[in-house]
Amino acid sequence: MAGQAMRMEAAADVSGQLVSPDVAGLGAVAHYTARLHTSFDSVRPLWQRLEATGLCTGHQGLAWVEGIAKRLMPGSAELLVVEVNDAVTGGPAMLLPLMRRRALGHYVIEWLSCGVCDYSAPLLADARPWTRQGADAAWAAVRAVLPPADRIHIAGIPQQIHGVANPLALLSATRDSIQIASGLAMHGEPATLIKRICKSSFAKNFHKHCRRFEQMGKLDLAEAETPDMVEEQFATLLELRLNRFRELGRFDLLTQAPVVEFYRNAALQGLSDGSVRLFGLRVGQTYLAVIYVLVMKGTLHALLLGIDQDAVANASPGLATIGKLMMWGVAQGLGYFDLSVGSQGYKQHIGASSSVLAELCEPITLRGSGATAYIKLRGRIELFVRSKPELYKTVQGVMRRLRRLKN
């Protein structure tokens with residue numbers, strides 16, 4: 001029940017020191033209190049309210065996150081949704097969806113992601129500005145209500161949430177990671193969008209590729225608007241993507257049945273509110289590419305793309321799909337196209353701007369310290385390899401050959 005799904009509040013003052021609720025009530029300067037929910041039932045009304053009136057990314061939509069907990073969270077893991085409130089007014093400040101799981105002999109608290117959440121960003125109640133001092137105080141309150149664990153590891157932390165500083169990125173313990181996210185601001189007339197906001201080389205190639213596809217027949221970006229179309233386009237996406245990744249020797253989460261069911265179910269649910277959408281680039285009834293997106297707060301999040309690279313020689317269905325999707329997005333009043341996480345060259349070719357994602361690795365026990373040290377060492381090694389183009393290319397080649405052998 002809802003009452004059983006919450007734990008006692010804790011408060012933190014601006015210095016970051018923990019204060020008991022009783023002491024806080026006797027005059028301590030407590031800026032934030034925190035309450036732990038271990039069920040969506042007790043936090044659903046607040047979540048829906050913040051999703052509607054506050055700030056969040058598409059990855060923190062309630063339907064999306066509930067799907068993660070239901071279909072992808074390990075059976076032994078625990079759901080931890082932390083509600084942070086202003087200690088003076090009692091009003092909500094943010095929600096953080098976390099989980100605790102067993103990992104190689106120790107317990108880790110991490111973002112409720114399970115591989116299908118690009119960004120670790122709380123749902124913010126409003127656009128109030130955050131400072132490092134305030135973020136540290138809120139985090140101290142969060143830490144006070146979390147269950148025992150050996151370490152905390154939160155990756156994929158964006159620097160901002162719709163222009164507001166992400167309090168997780170401001171934490172004293174947070175550091176830049178090796179991950180980057182890319183995107184473009186969209187505005188103006190759809191017909192001239194590509195020419196205005198993209199690199200001239202991309203605009204030239206986009207129109208050239210579209211003309212080549214149109215020689216085969218009518219080129220159309222079709223949105224899946226019915227359950228049958230969702231099933232058809234999702235099946236096509238899966239086939240195109242797995243064939244392409246198998247050819248390249250790259251790993252894809254879509255080789256895992258629970259992940260496939262998560263994405264399929266989310267797309268079907270998204271028909272009700274448009275938060276999850278599928279689009280297929282096709283000539284006649286032949287699909288050249290299918291893309292899977294989230295739509296939230298004026299942002300179009302591109303998640304999955306499957307392409308038939310051999311459809312037409314020297315023409316890219318992927319870039320044609322992205323260009324037409326951007327035109328669709330700005331026509332719908334969307335103002336930002338999020339190209340997700342990764343440093344793939346096509347993003348720079350389009351003209352996207354990039355930002356570094358942050359990471360929080362916080363050891364709590366000796367076991368947690370060992371695991372955290374290993375994670376940091378692995379990150380430094382990967383950063384070193386990425387800084388050496390020839391070495392990075394060699395490592396990628398070895399990994400691809402191993403995956404092809406496995407397949």
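Student: In this predicted model, how are helix 7 and helix 10 oriented to each other?

Tutor: Helix 7 covers residues 200-214 and helix 10 covers residues 317-331. Their axes come within 9 Å and cross at roughly 105°. Angles of 65 to 115 degrees count as roughly perpendicular. Helix 7 and helix 10 are therefore roughly perpendicular.

Student: Which residues of helix 10 does helix 7 meet?

Tutor: Helix 7 brings Phe202, Phe206, Cys210 and Phe213 to the contact. On the helix 10 side they meet Pro317, Leu319, Ala320, Gly323, Lys324 and Met327.

Student: How do the residues of that contact divide into nonpolar, polar and charged?

Tutor: Gly counts as polar and Lys as charged. Helix 10 supplies Gly323 and Lys324 to the contact. The division for helix 7 with helix 10 is eight nonpolar, one polar and one charged.

Student: How are helix 2 and helix 3 oriented to each other?

Tutor: Helix 2 spans residues 44-53, and helix 3 spans residues 62-71. Their axes come within 10 Å and cross at roughly 135°. Roughly perpendicular stops at 115 degrees, and roughly antiparallel needs over 145. Helix 2 and helix 3 are therefore oblique.

Student: How do the residues of the contact of helix 2 with helix 3 divide?

Tutor: Helix 2 uses Arg44, Trp47, Gln48 and Glu51. Helix 3 uses Leu62, Val65 and Glu66. Arg and Glu count as charged. The contact holds three nonpolar, one polar and three charged residues.

Student: Which residues touch the most other members of the largest nonpolar core?

Tutor: In general, nonpolar side chains tend to be buried together in soluble globular proteins. The largest nonpolar core here has 80 residues. Those touching the most other members are Phe40, Trp64, Tyr263 and Tyr292.

Student: Which helix gives the most to this core?

Tutor: The contribution is seven residues. The helix that gives them runs over residues 132-145. That is helix 4.

Student: What does Trp64 touch, not counting residues up to four places away in sequence?

Tutor: Trp64 touches Tyr263 and Tyr292, which are also named with it among the residues touching the most core members. Gly58, His59, Val116 and Phe262 are on its list too. The rest are Ala266, Val276, Leu294 and Leu303.

Student: How many residues are in the other core, which includes Ile197 and Leu288?

Tutor: This core lies apart from the largest one. Ile291 and Val312 are also among its members. Its count is 38 residues.

Student: Where is Leu240, and is it buried or exposed?

Tutor: Leu240 is found in helix 8. Its relative accessibility is 13%. Buried means under 20%, so Leu240 counts as buried.

Student: How far apart in space are Leu240 and Asp308, C-alpha to C-alpha?

Tutor: In sequence they are 68 residues apart. Yet Asp308 is in contact with Leu240, as are Leu288, Ala289, Val290, Gly306 and Ile307. The C-alpha separation is 6.2 Å.

Student: What separates the C-alpha atoms of Thr226 and Leu268?

Tutor: Thr226 lies in the loop between strand 12 and helix 8. It is partly exposed, with a relative accessible area of 34%. Thr226 and Leu268 are 42 residues apart along the chain. Their C-alpha atoms are separated by 8.4 Å.

Student: How far is Cys117 from the nearest cysteine sulfur?

Tutor: A search of the whole structure finds zero disulfides. Cys117 is buried, at 9% relative accessibility. A disulfide needs sulfur atoms within 2.5 Å. For Cys117, the nearest cysteine sulfur is that of Cys114, at 9.4 Å.

Student: Is Leu104, with its positive phi, buried or exposed?

Tutor: Leu104 is not a glycine, but its phi is about 50°. It is found in the loop between strand 5 and strand 6. Its relative accessibility is 88%, so Leu104 counts as exposed.

Student: What is the relative accessible area of His162?

Tutor: His162 also has a positive phi of about 50° and is not a glycine. It lies in the loop between strand 9 and strand 10. His162 is partly exposed, with a relative accessible area of 37%.

Student: What percentage of the residues of the protein chain count as buried?

Tutor: The protein chain has 13 helices and 17 strands. It has 407 residues. The buried share is 50%.

Note on methods:
Residues numbered from 1 in each chain as written. Predicted model: local features only at pLDDT ≥ 70, side-chain atom pairs only at ≥ 80, totals over all residues. Heavy atoms only, no water. Axes fitted to C-alpha atoms, helices over the stretch in contact; angles between N-to-C directions. Helix = DSSP H or I, 4+ residues; strand = E, 2+ residues; numbered from the N terminus. Parallel < 35°, antiparallel > 145°, perpendicular 65-115°, else oblique. Contact = heavy atoms within 4.5 Å. Core = buried A, V, L, I, M, F, W, Y, C linked by side-chain atoms within 4.5 Å. Buried < 20%, exposed > 50% of the residue type's maximum accessible area, 1.4 Å probe, protein only.
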